[in-house]
Amino acid sequence: MAKPILKRYRYIKGHLRPLYRKHLRCSSIHFGHGNYSLYINRVRKEVVPKRGISSHTVDIMNILINDIFERVATEACQRMNLRKRCTLTSEDIQKAVYMLMPKKLAKLAVTFGSKAVHRFIHS
């Protein structure tokens, strides 16, 4: 006697989906990195409120943000070790940003980062 067809499927969000089908998208969540999709959508709504963004594009933005974060953290850690210190300071991070990014972009990044930290501390 053949098994019922429904046993080969699982019930997810009102849809029948095969058990063997895996997600084709590669998400940064599985690699232990941060997921910035919520923040990407918030910024997008501020910039262009009437437009949307695909989930694949959000995944690409996640990968880009995680890559830049990792590069800045590595460079800042190297600067900290060169100074023979045990504490990572904001100066180390700012110097790492200036070393890794183009001049205008680095200046904007440091300015916005300083403003964000100032708002966080004083709120």
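Is Arg 71 buried or exposed? Arg 71 is exposed, because its relative accessibility is 53% and the exposed class begins over 50%. The model behind this value is predicted.

## Overall fold

The chain has 123 residues, and buried residues make up 15% of them. Its secondary structure comes to four helices and two strands. Read from the N terminus, the order is β-β-α-α-α-α. Both strands therefore precede the helices in the chain order.

Helix α1 covers 37–47, and α2 covers 55–82. Helix α3 spans 90–100, and α4 spans 103–121.

## Salt bridges

A search of the whole structure gives two salt bridges. One pairs Arg 71 with Asp 67. The closest N and O atoms of this pair are 3.3 Å apart. Both residues sit in helix α2. They are four residues apart, about one turn of the helix. Arg 71 is exposed at 53%. Asp 67 is partly exposed, because its relative accessible area of 32% falls between the 20% and 50% limits.

Arg 83 forms a salt bridge with Asp 92. Here the closest N and O atoms are 3.2 Å apart. Arg 83 has 32% relative accessibility, so it counts as partly exposed. Asp 92 has 1%, so it counts as buried. The buried class lies under 20%.

## The largest pocket

The largest pocket holds about 1,300 Å³ of space. It is lined by 30 residues. Closest to its centre are Ile 65, Met 101, Ala 109, Phe 112 and Gly 113. The elements that give two or more residues to the lining are α1, α2, α3 and α4.

Which element gives the most to this lining? Helix α4 does, with nine residues. By class, the lining has 23 nonpolar residues. Five more are polar, and two are charged.

## Nonpolar surface patch

Val 43, Val 47 and Val 48 make a nonpolar surface patch. Its area is about 250 Å². Val 48 lies in the loop between α1 and α2. This residue is partly exposed, with a relative accessible area of 35%. Val 48 can therefore count towards a patch, because 35% is over the 30% cut-off for patch residues.

## Loop and helix α3

Lys 84 is in the loop between α2 and α3. Its phi is positive, about 60°, although Lys 84 is not a glycine. What is the relative accessible area of Lys 84? The value is 75%, so Lys 84 is exposed.

Ser 90 belongs to helix α3. Ser 90 is exposed as well, because its relative accessible area is 52% and the cut-off is 50%. How far apart in space are Ser 90 and Val 110? Their C-alpha atoms are 9.9 Å apart. In sequence, 20 residues separate Ser 90 and Val 110.

How values were computed:
Residues numbered from 1 in each chain as written. Predicted model: local features only at pLDDT ≥ 70, side-chain atom pairs only at ≥ 80, totals over all residues. Heavy atoms only, no water. Patch = residues over 30% accessible without salt bridge, like charges linked within 9 Å, V, L, I, M, F, W, Y side chains within 5 Å. Areas by Shrake-Rupley, 256 points an atom, 1.4 Å probe, with all protein chains shown as cover. Salt bridge = Lys/Arg side-chain N within 4 Å of Asp/Glu carboxyl O. Buried < 20%, exposed > 50% of the residue type's maximum accessible area, 1.4 Å probe, protein only. 1 Å grid on protein atoms, 1.4 Å probe; cavity = no way out; pocket = protein on both sides within 12 Å on 5 of 7 lines; lining within 4 Å. Points joined across faces, edges and corners; volume = space filled by probe spheres on them. Nonpolar A, V, L, I, M, F, W, Y, C, P; charged D, E, K, R; others polar.
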